[in-house]
Amino acid sequence: MKNLILFILPLVFIATADFASSQNRNDSVDTSMVADISDIESDKSFYIGILFEMKPGWHIYWKNPGDSGMPTRVDFILPENFTQSDLFWPVPRSFTRSGNIRDFGYKDKVLLWKKITVPSGHNPEAEIPVKANISWVSCREVCVAGNKQIKSVIRPGKSPGIYNKELFERWEQKLPVKKGQEYSYYTENIPAEDKMSKFRINLDFKNITAKNIEWFPDSGETLKIERIEYDLGNPGDKGAITFFASLYPGKMLSSPNIPTVLVVTGPDGKRTGYKMPVKVIEVLKKRKPPENTE
Amino acid sequence: MSAPLNKLLTFIIFSLMFTISGHYSFAIDNSAKAPGFNITDHTGKNVNLSDYNGRIIVLEWTNPDCPFVQRHYRENTMIELEKEYSDKGVVWLAVNSTHYMGRDENSKFAEENDINYPILVDKSGELGRKYGAKTTPHMFIIDSSGEIAYQGAIDDDPGGSMKPSDRKLYVKNALNALLSGEEVKISSSKPYGCSVKYKK
């Protein structure tokens, strides 16, 4: 009987009690919690996220904000034993300002979400409280900090559930994809009279035509990357990205590769992001840090 | 070509080169000589870097409209550091390269926050671009020999969410090292804050 109840209990009602306790007034961004939940079953997953809607001209930041700003932060608090994936970050955009300041982030709308896995032995009739702590900085000509807490309760029941399958599927299409045969690349260290190391990522577009390229290193606070330049060379088939890099003093990278995203704009204007790990660490480790240079 | 025309052309070419290169402010290298300046502060007084030869100088890029700066001034971060280290001979200068803020706005900021140190009015952004200042705040420390000893964030807590005792205090640690004649171990860090609002 219990198994039957579990089987026919697909619909979940979410009572969204939106307690917005903003410490800073930020009218430039609206935030809402959204979910794609068909049912709550042990060892199964559902998606929960925050939809950010920016007023015209405003943007918020990617996990590496670039030269300024601050990463947008979404923390979900769930009952014990519910596991969460890392936050999913759709392909960002670049915002360049006077003074050669380049930021990475989002304008108009972005969904940041996680996959939540229900623990084994979860009581399907139990309510699930969910809390989201959100913080961001939005900028246009000026910048404004925002933070919000949204509380919600997932209540199993016979009422229609909250389905946002289409929304989540649409945003899943905007995630960086694993590179296939679209292009090949290799990274080389280039001699430069500079205290930072210079690198070039050589791109060979085999099966796609690139009208434009953009590069987003997820280097965080460990690696200093600057003077990023792009070269598309012969129309569409080859390209290069050059940049300078150095390790910030006292920082270590846990992996020899830095995660980056290469965004290729095709002739139709569509932007596709490819996950592109770039190996620079061995070169940087061998390089004397600037402060020890005689 | 006549000599005067030659000179004029040379002048034009060098001016253009300066204009083009000046638009791109790349970070200044550590251990480089700190670029000199001669600029007016919020009280109308002229401030020249050479006035402070032989002293340790902190340059703090600021913008009263920036939420990161606002938080630090609510928490008295810069005010307390300046008080502590000016007693030890360190010079603290704030710089505002915001293109839409002049002397009046900076004076108001100084008055509202009990700022006793000069705020250099860099509306044109020339000083900011010379140093490669990207954020507010963005900190530079010049050692007593006139070289850049530290540049970057004031601490490692952009969100202001850490316990103060857990923060890495980059500027404080660098000043302590310089005053003790020791090596500045962390001589640079990623600055955080709003972008400097340079003139377009």
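Strands here are DSSP runs of type E with at least two residues, numbered from the N terminus. By that count, strand 11 of chain A gives seven residues to the lining of the largest pocket, the largest share. The model is a predicted one. Chain A holds three helices and 21 strands, and 47% of its 294 residues are buried. Among contacts in chain A with a separation of 6 or more, 71% join residues 24 or more positions apart.

**Largest pocket**

- The volume of the largest pocket is about 1,200 Å³.
- Its lining takes in 46 residues, and those nearest the centre are A:M70, A:S135, B:P158, B:G159 and B:G160.
- At least two lining residues come from each of strand 4 (59–66), strand 5 (73–77), strand 10 (128–139) and strand 11 (143–156) of chain A, and from helix 2 of chain B.
- By residue type, the lining of the largest pocket splits into 16 nonpolar, 18 polar and 12 charged residues.

**Helix 2 of chain B**

- This helix, which supplies at least two residues of the largest pocket's lining, runs over residues 67–74 of chain B.
- Six of its eight residues are buried, so helix 2 of chain B is largely enclosed by the rest of the structure.
- The buried positions in helix 2 of chain B are B:P67, B:F68, B:V69, B:R71, B:H72 and B:Y73.
- B:N76, just after helix 2 of chain B, has a positive phi of about 60°.

**Cavities**

- Across the whole structure, two cavities of 30 Å³ or more are found.
- The second largest cavity encloses about 60 Å³ of space.
- Residues from chain A lining the second largest cavity are A:E221 and A:K251, while chain B contributes B:D155, B:D156, B:P158, B:Y170, B:S189, B:K190 and B:Y192.
- Five residues of the second largest cavity's lining are charged, three are nonpolar and one is polar.
- B:P158 appears in the lining of the second largest cavity and is also among the residues nearest the centre of the largest pocket.

**Nonpolar cores**

- In soluble globular proteins, nonpolar side chains tend to be buried together.
- The largest nonpolar core here contains 44 residues, and A:F46, A:I50 and A:F52 make the most contacts inside it.
- Strand 3 of chain A (residues 45–54) is the biggest contributor to this core, giving six residues.
- Beyond its neighbours within four places in sequence, A:I50 touches A:T31, A:S32, A:M33, A:V74, A:F76, A:V110, A:L111, A:L112, A:A132, A:I134 and A:I150.
- A separate second core has 38 residues, including B:V90, B:A174, B:Y192 and B:C194.
- B:Y192 thus belongs to the second core and also lines the second largest cavity.

**Strand pairing in chain A**

- Strand 13 (residues 183–190) of chain A pairs with strand 14 (residues 197–205) of chain A in the antiparallel sense, over eight bridges.
- Six residues form the hairpin connection from strand 13 to strand 14 of chain A.
- Within this pairing, A:Y186 lies opposite A:N202 of strand 14 of chain A.
- Strand 14 of chain A also pairs with strand 17 (residues 238–247) of chain A, in the antiparallel sense and over eight bridges.
- A:S197 stands opposite A:A245, a residue of strand 17 of chain A.
- Strand 14 of chain A is therefore paired with both strand 13 and strand 17 of chain A, since two strands count as paired when DSSP finds at least two bridges between them.

Conventions
Residues are numbered from 1 along each chain as its sequence is written. Chains are lettered from A and ligands numbered from 1 in the order in which they are written. This is a predicted model: local features need pLDDT of at least 70, side-chain atom pairs count only at pLDDT 80 or more; totals for chains, interfaces and linings use all residues. Side-chain values use heavy atoms; hydrogens and water are left out. Helices (H or I, at least four residues) and strands (E, at least two) are DSSP runs, numbered from the N terminus. A nonpolar core is a set of buried Ala, Val, Leu, Ile, Met, Phe, Trp, Tyr and Cys residues joined through side-chain atoms within 4.5 Å. Buried means under 20% relative accessible area, exposed over 50%, partly exposed in between (1.4 Å probe, protein chains only). Contact means heavy atoms within 4.5 Å. On a 1 Å grid over the protein atoms alone, a cavity is a set of points where a 1.4 Å probe fits but cannot get out, and a pocket is an open set with protein on both sides within 12 Å along at least five of seven lines; lining residues have an atom within 4 Å of a point. Grid points are joined across faces, edges and corners, and a volume is the space filled by probe spheres set on the points. Ala, Val, Leu, Ile, Met, Phe, Trp, Tyr, Cys and Pro count as nonpolar, Asp, Glu, Lys and Arg as charged, and the others, Gly among them, as polar.
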